[in-house]
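Biologist: I am new to this structure and would like to go through it with you, one question after another. Could we begin once it is in front of us?

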Amino acid sequence: MNKSVIILAIESSCDDTSAAVIRDGVVLSNVMASQKIHEQYGGVLPEAASRAHQISIIPVVEAALHQANITKSELSAVAFTRGPGLMGSLLVGVSFAKSFALSLGIPMIAVHHIQAHVLAHFIDDPKPQFPFLCLTVSGGHTQIMLVRNHNDMEIIGTTLDDAAGEAFDKTGKLLGLPYPAGAVIDRLAKLGTPRFPFTEPDIPKLDFSFSGLKTQILRFLQRETKENPNFIQENLNDICASIQMRIVDFLMNKLIKAAKMHQIKDVAIAGGVSANSGLRDALEAAGKKYKWRTYIPAFQYCTDNAGMIAMSAYFKYLDGEFVGQDITPLARYEI
Ligand code: KG4
Ligand code: ZN
């Protein structure tokens, strides 16, 4: 019998330190330490993120090995996120992986963070069939990807400015909500009615833009609070429902256009914003209407996590794609 392939994977691209263990394509553990420190700054503070990763990385890796019931000596390789992300944060994961690989004498695998968000769909069943479309929406990215294979992805639509997650976070800030605001807006939107008519940005092709929407919402709030200083508090749920509906409709309209253009029936969403209940419901509804097979990752594999890095690394292991000790992190990293 062939020996099992067991990989330890590390994710440290932004403000979550995470480690996971995968054996023969099955994720055995996925441990996360989220950083609370950034809430008070209303955004991620790079220096604080890097320091928090340094504190968390060893306990998180130990917990991932322990939960998976795997010892270091059983590992076939160690994987890490090479980018894109914050340089100081990425460096912690890359340096840790290098020393770990060196001391154990095992190979290293470098993973692209956005590709990993897409490949999170291969962790659980049902798995998408190639080619499929993936709307990858996070705090840093908004892309429609045509996924031909696990190592062949083409960006067919992207944002010209802010990412969808940023649109949630920045409008949430205007409303006085804590960072990151996406999940909070999601929760409040469920209690409200989308009765404020924000208009959909008119952007050509399959691309997106969210900065105009942010300005539109800012002006709207300035106008309304001038007349009624309590406008936000009194209408918070309805404002959240209106913002969420506009963002979700914009994303879905482009995704529907892409599916028609490329005649694809397998459609997935990925990234932190794919945790949004409005987007998840809208994808299911479009799936029924257009007879798509739809794929939504489990919550733990939507926001940043090492399980998706492990899945990506497993494919790379099978392809024999290893890197040497001279590997460097890349804050900007094209697919
Ligand atoms: O993928 P992710 O964890 O990190 C990046 O790679 O950026 O995505 C984080 C983003 C944040 O902007 C956060 O507000 C958003 O995902 N997010 C949500 C929800 N949960 C997380 N946005 C809308 N609704 C949610 N439920
Ligand atoms: Zn991400």
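Modeller: Let us start with a pair of helices, keeping in mind that this is a predicted model. The axes of helix H1 (residues 46-68) and H2 cross at roughly 40° and come within 9 Å, and H1 and H2 are therefore oblique to each other.

Biologist: Which handedness does the crossing of H1 and H2 have, and how do the residues of the contact divide by class?

Modeller: On the side of H1, the residues in contact are Ala49, Ser50, His53, Gln54, Ile57, Ile58, Val61 and Leu65, and they meet Gly88, Ser89, Val92, Gly93, Phe96 and Phe100 in H2. The crossing of the two helices is right-handed. Sorted by class, the residues of the contact of H1 with H2 come to 8 nonpolar, 6 polar and no charged.

Biologist: At what angle do helix H6 and helix H7 pack, and how is H6 oriented relative to H7?

Modeller: Helix H6 (residues 211-227) and helix H7 (residues 231-262) have their axes 12 Å apart and pack at an angle of about 160°. Angles over 145 degrees count as roughly antiparallel, and so H6 is, relative to H7, roughly antiparallel.

Biologist: Which residues make that contact, and what classes do they belong to?

Modeller: H6 passes H7 in a right-handed crossing. From H6 come Leu213, Ile217, Phe220, Leu221, Glu224 and Thr225, while H7 brings Phe231, Ile232, Ile239, Ile243, Arg246 and Ile247. By class, the contact of H6 with H7 has 9 nonpolar, 1 polar and 2 charged residues.

Biologist: In what order do the strands of the sheet that contains E1 stand, and which strands are at its edges?

Modeller: This is an open sheet of 5 strands with mixed pairing, and its order is E3-E2-E1-E4-E5. Neighbouring strands of the sheet are turned by 20° against each other on average, direction ignored. Each edge strand has a single partner strand, so one side of each is left without a neighbour in the sheet, and the strands standing there are E3 (26-34) and E5 (108-112).

Biologist: Which helices pack on this sheet, and what angles do their directions make with the strands?

Modeller: Helix H2 (residues 87-104) packs on the sheet and touches strand E1 (6-11), strand E4 (77-83) and E5, with its direction at about 160° to that of E4. Helix H9 (residues 306-319) also packs on the sheet. H9 touches E1, E2, E3, E4 and E5, and the angle of its direction with that of E1 is about 135°.

Biologist: How do E2 and E3 pair, and which residue in the turn between them has a positive phi?

Modeller: Strand E2 (residues 16-23) pairs with E3 in the antiparallel sense over 8 bridges. Among these partners, Thr17 is matched with Ala33 in E3, and Ile22 with Val27 in E3. The two strands form a hairpin with 2 residues between them. The residue in the turn that has a positive phi, about 50°, although it is not a glycine, is Asp24.

Biologist: What is the strand order of the sheet that contains E6, and which strands are its edge strands?

Modeller: This open sheet of 5 strands has mixed pairing and the order E8-E7-E6-E9-E10. Its neighbouring strands are turned by 25° against each other on average, direction ignored. Strand E7 (residues 142-149) and E8 pair in the antiparallel sense over 6 bridges, with Val147 opposite Met153 in E8. The edge strands, each pairing on one side only, are E8 (152-158) and E10.

Biologist: Which residues coordinate the zinc ion (ligand 2), and what spacing do its donors follow along the chain?

Modeller: The zinc ion (ligand 2) is coordinated at 2.0 to 2.2 Å by His113 (NE2), His117 (NE2) and Asp304 (OD). His117 lies in helix H3 (residues 113-119) and Asp304 in the loop between strand E10 (293-295) and H9, so that this pair links parts of the chain 187 residues apart. Along the chain, the donors follow the spacing H-x3-H-x186-D.

Biologist: Where do the prolines that follow a cis peptide bond lie, taking Pro126 and Pro180 in turn?

Modeller: The peptide bond from Asp125 to Pro126 is cis, with omega near -5°, and the bond from Tyr179 to Pro180 is cis as well, with omega near -10°. Pro126 is found in the loop between H3 and strand E6 (132-137), and Pro180 in the loop between helix H4 (164-174) and helix H5 (182-189).

Definitions and conventions
Residues are numbered from 1 along each chain as its sequence is written. Chains are lettered from A and ligands numbered from 1 in the order in which they are written. This is a predicted model: local features need pLDDT of at least 70, side-chain atom pairs count only at pLDDT 80 or more; totals for chains, interfaces and linings use all residues. Side-chain values use heavy atoms; hydrogens and water are left out. Two strands pair if DSSP finds at least two bridges between them. Helices (H or I, at least four residues) and strands (E, at least two) are DSSP runs, numbered from the N terminus. Axes are lines fitted to C-alpha atoms, for helices over the stretch in contact, and angles run from 0 to 180 degrees between N-to-C directions. Contact means heavy atoms within 4.5 Å. Angles under 35 degrees count as roughly parallel, over 145 as roughly antiparallel, 65 to 115 as roughly perpendicular and the rest as oblique. A crossing is left-handed if the near helix is turned anticlockwise from the far one by less than a right angle, and right-handed if clockwise. Ala, Val, Leu, Ile, Met, Phe, Trp, Tyr, Cys and Pro count as nonpolar, Asp, Glu, Lys and Arg as charged, and the others, Gly among them, as polar. Donors are N, O and S atoms within 2.8 Å of the metal (3.2 Å for Na, K and Ca); water is not among the atoms, so sites may look incomplete.
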